[in-house]
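Student: Please take a close look at the largest enclosed space in this model. Then lead me outward from there, one part at a time.

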Amino acid sequence: MQKLIGQLMNCYVDVDSLEDEDYVQVSQNRIRCSMTSLINWYESVTEKTDSETPSKKRTSSSRHCQSPLIVVVFKDMESFTTKVLQDFIVISSQHIHELPLVLIFGIATSPMIIHSLLPHSVSSLLCIELFQSLSCKEHLSTVIDKLLLTAHFPFKLGEKVMQVLINVFLYHDFSVQNFMKGFQLCILEHFYSEPLSVLCCQLVDAKKRVNSLSHNQCENIRRLPSFRRYVESQVSEKQIALLTADGFLKEVVQKLLEDLHVYHENYIPVLRCLHVFTSSLPKYPLGKQIRELHCACLENRVWETEEYESSLQLARMLNKSDLVTMLQQCVEILVSSSGKEFDKTVEKLKEFLTQFQQLEGEAIQEQDVSVSSQKELQKKTDLYHLQKSLLELKESRRSKKLTKFEMLRFEVVDYIDSLVRNYLVPADHKTLHEIMYFNTASVLREHLNAAPRIALHTALNNPYSYLENEALKSDGGSISNKAPDICIVYKLHLECGRLINLSDWLEAFSTVVMGAEDPNADAASSDQVDDVIHARFIRAVSELELLGFIKPSKQKADHVARLTWGGC
C-alpha cells in the first residue's frame, strides 16, 4: 500500500527507512496508507476531470463505467510475496466499486502459475484474461527493419558483423536491448576507427564535407581498397588525375557517394520483393526471415548460390493465386519506395497482373472446349476410331507444350531474377563502401563474446593488471610472494607436467611464501607458520580446482591432474 500510494500520488517512498509504516508524506501532509485514503484521492482526481468538462453530465452508473481505471503492474509475479499478494487482491475486491483496479501480472513461466500461487478463494475474485507480447524474434525483425533496411540511415553493418550480433541474440540472450547496445557499439567503433566516417551522413551533408576535405583525408580515400579497384578500372589519364589532383578526386567522390546512396535506395525495395517470393517457399532455401536473405545478399552474389537456384525452381511451380498475391505486394513495395528507377518496373508488374486476369477468361473457354471434345470422344462407338483418338490424345500429352499460364509464370520469375542481378550486388563490390559499412567483426567479438579463460589467466598470471598494486609487479616469469595465494599456486602449476605431486607443490609454495619471513624465528612459531601455510595452500588448491584448472587423479592418491595446457 505504501508503494502503491507513493507512486499514484507522485511522492517518493522509502519503505525500509520509514519510521511510521502507516503513513507517507505527500506535500505537507502525512497520509495514512489505507484503501480509504486511496479512494479519497481517486475521487478528488476524478472530480477535477469532471469539473473540467461541465457540459458532460453523467449519472452515477455511467460515471462508474466511464471512470478512469487504475492499472497496477506486477512485473514478476513468481517472485512476489504470495501472502501479501493474496491480501491485496482480497482487500481491493471489497472496494472495486469505489476504486476500479486493473492488475497486470508479468509471468515468465506458465499462466498456470496463477492457480498455484493463489488459492481458489482468491483467484475467483479475479476476472482473468490472458494476453501475450510479441516474441523477441519479431521485435528483432522490427528493429532490423527500422534501422538497417532503410536508406534514411546512412550507417550500415557488414555481413560478418551482422551475423555476430544475430548469433549473440539467437544463441545467448534473446535480448533486443543487448542487440541495440551491440549496434551502438558498432557505431562507436566505426566513427572512432575509420577516419573517413566523417562522410557517413546524409547525402547533402556528405557532398558539402567532401569539398572541405584536407589533402591527408584525400590520401585516405586513395588508400581504400574499393577505391583502388575503381582507379585500376579507369583509363590511364583518369588514373593520374585521381591519384594526383585533389580537386578532381573530390568531384569523383561526390559522384561515387551519390551512386552509393542510389544503390541503397534500390537495394532495399528489391530485397523486400525477393523476400516476398522466397519467404513462402517449401523449406525456405533463402531463409524465412528477411535478415537471413539480407546476410546472404551481403555475403556474395546471391544469384550464384545453390539456394537461389532451388528457390527459382520452386518459384516456377507456384500457383496463379500465389503469384498474383506476390506481384501485388511487390507493386505496393516499389510504389512506396524512394527509388526513382522503378517506374518501368511497376508498369511491367502491373502488365503481368493484367495478363493473369486475361488468362482467367481464356481458361474458362478452354475448359468448355475440352469438355465438348471429351463428349465427342464418348460419342464415337467404332473401336478403330476410338483407339486412334486415344493414341492421338496420349501423343499430344507426351509432347505437351507449355500453357500460356506456365509461359507467363516463367516470364515473371525471370523478370524478378533480372531485378535481383541488377540491384542486389553485394555492398563490398561498391566503391567507397568502407565509409558507410562497419566490417570489423573481430573487434565486435572481443567486446561481446565472453573469454573467461583468457581473463582468468591474465588475472592469475599477472594480478597487477587488475589490482594495480605496485607491490605485485614482477620481472619476467618470477613469482612474487606478495601475490595472492591462488596466483602463486597457479604460476607454480604451470611449471608442472600432466600429474602434479601435492607434496612437491606444497614445498614450492612454502618456499615462495617464506621468502619474506624471518629465518631466525623459533621452532614453536615456525610450526605455527607451517600450519598456516598448509591451510593457505589447501584453500588455494581448492579454488584452482573450482575454476577448472586441476582435478583429483585416480592414478595416484597424492597427485592431481592438470586440465589446461599452453599459455592458459
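Tutor: In this predicted model, start with two helices, α10 (203–211) and α14 (246–278). Each supplies at least two residues of the lining of the largest cavity. Helix α14 gives the most, with four residues. By class, the lining of this cavity has nine nonpolar residues, three polar ones and one charged one.

Now the space itself. The whole structure holds four cavities of 30 Å³ or more. The largest has a volume of about 120 Å³. It is lined by 13 residues, and P154, C201, H261, H264 and M436 are the closest to its centre. How is such a space found? Rolling a probe the size of a water molecule over the atoms shows where empty space is left.

Next, a loop residue. L432 sits in the loop between α20 (404–423) and α21 (433–436). Is L432 buried or exposed? L432 is buried, because its relative accessibility is 0%, and the cut-off for burial is under 20%. Y230 is 202 residues away from L432 along the chain, yet 9.3 Å separates their C-alpha atoms.

One helix is covered along its whole run. Why is α25 (residues 485–493) described as largely enclosed by the rest of the structure? Because nine of its nine residues are buried. The buried set includes D485 and K491, as well as I486, C487, I488 and V489. Y490, L492 and H493 in α25 are buried too. Here is the background on helices. An α-helix has 3.6 residues a turn, so residues three or four places apart point the same way.

C487 in α25 is a buried cysteine, and cysteines raise their own question. How many disulfides does a search of the whole structure find? The count is zero. A disulfide is a covalent bond between the sulfur atoms of two cysteines. Take C273. Its closest cysteine sulfur is in C330, at 3.9 Å, so the two are too far apart for a bond; a disulfide needs the sulfur atoms within 2.5 Å. C273 is buried, because its relative accessible area is 4%. C127 is exposed, because its relative accessible area is 71%; the cut-off there is over 50%.

Now the open spaces. The largest pocket has a volume of about 900 Å³. Its lining has 26 residues, with L103, I104, F105, I128 and E129 nearest its centre. Helix α4 and strand β4 are the elements that give two or more residues to this lining. The largest share, five residues, comes from β4. Sorted by class, the lining of the largest pocket has 18 nonpolar residues, seven polar and one charged.

The second largest pocket has a volume of about 630 Å³. It is lined by 20 residues, and M1, K3, L4, F74 and F80 are the closest to its centre. Three elements, α1 (2–8), β3 and α4, each supply at least two of its lining residues. The classes here are 14 nonpolar, two polar and four charged.

F74 leads on to the strand pair. In β3 (residues 70–74), which residues are on the covered face, and which on the uncovered one? I70, V72 and F74 are on the covered face, while V71 and V73 are on the uncovered one. In a regular strand the side chains alternate between the two faces of the sheet. Strand β4 (residues 101–105) runs parallel to β3, and five bridges join the two. V71 stands opposite V102 of β4. F74 faces F105 of β4. From β3 the chain passes through helix α4 (residues 82–94) to β4, in a right-handed β-α-β crossover.

Last, three strands further along. Strand β7 (residues 499–501) pairs with β9 (residues 559–562) in the antiparallel sense, over three bridges. In that pair, N501 stands opposite H559. Strand β8 (residues 550–552) is also joined to β9 by three bridges and also runs antiparallel to it. I550 is opposite R562 of β9. Between β8 and β9 the link is a hairpin through six residues.

Terms used
Residues are numbered from 1 along each chain as its sequence is written. This is a predicted model: local features need pLDDT of at least 70, side-chain atom pairs count only at pLDDT 80 or more; totals for chains, interfaces and linings use all residues. Side-chain values use heavy atoms; hydrogens and water are left out. Buried means under 20% relative accessible area, exposed over 50%, partly exposed in between (1.4 Å probe, protein chains only). Two strands pair if DSSP finds at least two bridges between them. A crossover is right-handed if, with the strands pointing away from the viewer, the path from the first strand over the helix to the second runs clockwise. On a 1 Å grid over the protein atoms alone, a cavity is a set of points where a 1.4 Å probe fits but cannot get out, and a pocket is an open set with protein on both sides within 12 Å along at least five of seven lines; lining residues have an atom within 4 Å of a point. Grid points are joined across faces, edges and corners, and a volume is the space filled by probe spheres set on the points. Ala, Val, Leu, Ile, Met, Phe, Trp, Tyr, Cys and Pro count as nonpolar, Asp, Glu, Lys and Arg as charged, and the others, Gly among them, as polar.
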